[in-house]
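Hi,

Here is the structure I said I would pass on. Have a look at it first, and then read my notes below.

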Amino acid sequence: AGNLGPSITRIITVSDSTPVMLNSLRINTSNNNPAYAKTGDIIAVTLIANQPISNANTSIQNMAVNNTIQGNTLYANYTVQNSQQGNLTFEITAYFDSSLPLTVSESNLNSSIFIDTEKPKITLIGHSNITTP
């Protein structure tokens, strides 16, 4: 009656042994030819992991871009800027509550998008009598 026993505290640690894995990585361009992008085209990156993503850092063409994260899926969009030329570069580092981060870049892909913002050039050879209006 009114006697309290000693207080017992028990700490239980639960660890997630499931390694983080990349389920899917999709890269699309708004260009009609999916292998190319030009000034103003939008490049969309979708990364799907096997665990919920808590945060991420994404850069496309060496520029930081905003992410949208919904559960296991990360979305990022980038609008191609003028004067960029060459293969698409990107890096995504996704962070998870219970695991080490996962970093993915263009070096993980077998194919990529070529960014072509240069205007076509025509060189005429051998005709000295061509006049321009």
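A quick definition before anything else: when I say two residues touch, I mean that they have heavy atoms within 4.5 Å. Also keep in mind that this is a predicted model.

With that in hand, take T93. T93 sits in strand β9, which covers residues 90-95. Setting aside residues up to four places away in sequence, T93 touches N55, A56, N57, P101, L102 and T103. One of those neighbours, T103, also shows up in a polar contact: the side chains of T93 and T103 come to 3.1 Å. T93 counts as buried, because its relative accessibility is 12% and the cut-off for buried is under 20%.

Now the overall picture. The chain has zero helices and eleven strands, so the string of elements from the N terminus is simply β-β-β-β-β-β-β-β-β-β-β. Of the 133 residues, 27% are buried. The chain exposes about 9600 Å², with carbon and sulfur atoms supplying 49% of that area. If you look at contacts between residues at least 6 apart in sequence, 62% of them join residues at least 24 apart.

Next, a sheet. Three strands make an open sheet in the order β2-β11-β8, with mixed pairing. Its edge strands are β2 (36-37) and β8 (85-87), each of which pairs on one side only. As you know, strands of a sheet pair through backbone hydrogen bonds, either parallel or antiparallel. Between β8 and β11 the run is antiparallel, and three bridges join the two. In one of the pairings, Q85 has D116 in β11 as its bridge partner.

Just past that strand is T117, in the segment after β11 (114-116). Which residues does T117 contact, leaving aside its neighbours within four places in sequence? The list is K38, T39, V80, Q81, N82, S83, Q84 and Q85. With S83 there is something extra to look at: the T117 side chain reaches the backbone nitrogen of S83 at 3.4 Å. T117 is buried too, with a relative accessible area of 12%.

K38, which is on the T117 contact list, brings me to the charged residues. How many salt bridges are there by the rule used here? The count comes to one. It is formed by the side chains of D41 and K38, at 3.3 Å from N to O. Are its two partners buried or exposed? D41 is buried, at 6% relative accessible area, whereas K38 is partly exposed, at 45%. K38 lands in that middle class because 45% falls between the cut-offs of 20% and 50%.

One more residue to click on is S112, in the loop between β10 (102-105) and β11. S112 is partly exposed, with a relative accessibility of 33%. Not counting residues up to four places away in sequence, S112 touches A35 and L88. You could also check S112 against N28: the two are 84 residues apart along the chain, and their C-alpha atoms are separated by 9.4 Å.

If you open just two spots, I would start with the T93 and T103 side chains, then go to T117 and the backbone nitrogen of S83.

Cheers

Definitions and conventions. Residues numbered from 1 in each chain as written. Predicted model: local features only at pLDDT ≥ 70, side-chain atom pairs only at ≥ 80, totals over all residues. Heavy atoms only, no water. Salt bridge = Lys/Arg side-chain N within 4 Å of Asp/Glu carboxyl O. Buried < 20%, exposed > 50% of the residue type's maximum accessible area, 1.4 Å probe, protein only. Helix = DSSP H or I, 4+ residues; strand = E, 2+ residues; numbered from the N terminus. Polar contact = N/O pair within 3.5 Å; in protein donor to acceptor, adjacent residues only side chain to side chain. Pairing = 2+ DSSP bridges. Areas by Shrake-Rupley, 256 points an atom, 1.4 Å probe, with all protein chains shown as cover.
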